Amino acid sequence: MNPQLVEATRGGMVESAHRGALVVVDAHGKPVCAIGDTERPVFARSAVKVLQALPLVTSGAADAFKLTDEELALACASHNGEARHVATAAGVLAKAGLDETALECGAHWPQHEVAQRELALSRTPLSALHNNCSGKHAGFLCVGCMMARAQGRDAREFVRDYVKAEHPVMREITASMQDATGCDLSRAPVGTDGCSIPTFGIPLHQLAHAFAKVATGIGLSADRAAAAARLRRAVASAPFFVAGSSRFDTRVMQRLGERVFCKVGAEGVFCAALPGQGLGVAIKVDDGNNARAAEVVMAAAIEAWVPLDGDERTFMRSLSDVTLKNWNGIHVGELRASAGLRQALPALQA
């Protein structure tokens, strides 16, 4: 059984706890820190969008369509569906000669409450552009348009069904994932992600190794290493577009810049690249909790591994040791990294 990583307290008592696993790996694949079961395959979900975005750069599509840092960051995003996210996704599609009808990610309401209200009041029709994965899918479509050009085919016809595993676009995305993780995805468990593309079961340590490669370029081909560096810089330049208002990923990267690239996924998966340390981090919370657990663990890991000044350390501690208040603003407890996690990270770092 995995250890308790996060605790929620009330009245001085632990009211509930979240178990999980964490691994920190260097660029050569050596585990520097391992807590819990890091060999069990987990569905990587949206945590690996930067790996899925590598072909957007290596294919030449990013240059051909003159994508900005904001647009590249959105390709790595699980965004809130705020107006700037939606407009940027539409802009990427327009550069490729497409519109939202080419997206095959499905439509859902924005995840940000203010954006939901604004959309409802505007009476703007809900579309796939509001899907938190629309930027990633717009990137996929740019890759497909480049493939269509190379073959002299009609782009809109070529990209149809791009979410299917056998489509050339998705085969390229899968190849990028396999190369980065070192996992034979033909033998891995496979499911369907919320945005309709395949998602693969990959051991946590191989996910961490992939992010160490993103952090350093070591173990990637020259073009993929350059693409990883470009995407990291883009996200650091425009962190709002990788998540949005009030979101952990955006807040941390706004504060720490290129020192941290972090990306949350569904069901308690969270990955990060720490370029200064040449490390990759991968987390899985057993009960699938993100905001109440995975974010706390990632904050604790960043505190342990990334050099921080006093103000930065205070900021990160506010994310790893959260004061809980009720609707009247009364302090009722804490959501905190467990003592076991606090003790394990520095001890294993040393």
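**Note on loops, salt bridges and helix contacts**

1. Asp 161 is placed in the loop that runs between helix H7 (155–158) and helix H8 (168–181). The model is a predicted one, and the remarks below should be read accordingly. The phi angle of Asp 161 is near 70 degrees, a positive value in a residue other than glycine. With a relative accessible area of 34%, Asp 161 is partly exposed.

2. A second residue with a positive phi is Glu 267, which is not a glycine and has a value of about 60 degrees. Glu 267 belongs to the loop between strand S7 (261–264) and strand S8 (269–274). Its relative accessibility of 44% places Glu 267 in the partly exposed class. The backbone at Asp 161 and at Glu 267 may be inspected with these values in mind.

3. The loop between H10 and helix H11 (248–256) contains Gly 244. Is Gly 244 buried or exposed? At 0% relative accessibility, Gly 244 counts as buried, since the limit for that class is under 20%. Leaving aside residues up to four places away in sequence, Gly 244 touches Asn 80, Glu 82, His 85 and Thr 250. Of these contacts, Glu 82 is 162 residues from Gly 244 in sequence, while the two C-alpha atoms are 7.5 Å apart in space.

4. Turning to charged pairs, a search of the whole structure gives 15 salt bridges. Side chains of opposite charge can pair when their charged atoms come close. Three of the pairs are described in the points that follow.

5. Arg 336 and Glu 7 form a salt bridge in which the closest N and O atoms are 3.1 Å apart. Arg 336 is in strand S11 (residues 331–337) and Glu 7 is in strand S1 (residues 4–10), so this pair ties together parts that are 329 residues apart in sequence. The partners fall into separate accessibility classes: Arg 336, at 29% relative accessibility, is partly exposed, whereas Glu 7, at 13%, is buried.

6. Asp 63 and Arg 230 meet through their side chains in a salt bridge, with an N to O distance of 3.0 Å. Distant parts of the chain are linked by this pair, for Asp 63 lies in helix H2 (residues 61–64) and Arg 230 in helix H10 (residues 222–237), 167 residues apart. Asp 63 has a relative accessible area of 51% and is exposed; the limit for that class is over 50%. Arg 230, at 21%, is partly exposed.

7. Arg 342 forms a salt bridge with Glu 303, and the closest N and O atoms are 3.0 Å apart. The pair joins helix H14 (residues 339–349), which holds Arg 342, to helix H12 (residues 290–305), which holds Glu 303, the two residues being 39 apart in sequence. Arg 342 is partly exposed, at a relative accessible area of 22%, while Glu 303 is buried, at 6%. Through salt bridges that share partners, Glu 303, Arg 317 and Arg 342 are joined into one network.

8. Two packed helices are described by the angle between their axes and the distance between the axes. For helix H1 (residues 49–58) and helix H6 (residues 134–151), the axes come within 8 Å and cross at roughly 25 degrees. H1 and H6 are therefore roughly parallel to each other, the limit for that term being under 35 degrees. The crossing of H1 and H6 is left-handed. On the H1 side, the contact is made by Lys 49, Gln 52, Pro 55 and Leu 56, and on the H6 side by Lys 136, Gly 139, Phe 140, Cys 142 and Val 143. The residues of this contact divide into 5 nonpolar, 2 polar and 2 charged.

9. The axes of H11 and H12 come within 11 Å and cross at roughly 15 degrees, which makes H11 roughly parallel to H12. What is the handedness of the crossing of H11 and H12? The crossing of H11 and H12 is right-handed, whereas that of H1 and H6 is left-handed. H11 contributes Phe 248, Val 252 and Leu 256 to the contact, and H12 contributes Glu 295, Met 298, Ala 299 and Ile 302. The residues of the contact of H11 with H12 divide into 6 nonpolar, no polar and 1 charged.

Note on methods:
Residues numbered from 1 in each chain as written. Predicted model: local features only at pLDDT ≥ 70, side-chain atom pairs only at ≥ 80, totals over all residues. Heavy atoms only, no water. Salt bridge = Lys/Arg side-chain N within 4 Å of Asp/Glu carboxyl O. Helix = DSSP H or I, 4+ residues; strand = E, 2+ residues; numbered from the N terminus. Buried < 20%, exposed > 50% of the residue type's maximum accessible area, 1.4 Å probe, protein only. Axes fitted to C-alpha atoms, helices over the stretch in contact; angles between N-to-C directions. Parallel < 35°, antiparallel > 145°, perpendicular 65-115°, else oblique. Left-handed = near helix turned anticlockwise from the far one by under 90°. Contact = heavy atoms within 4.5 Å. Nonpolar A, V, L, I, M, F, W, Y, C, P; charged D, E, K, R; others polar.
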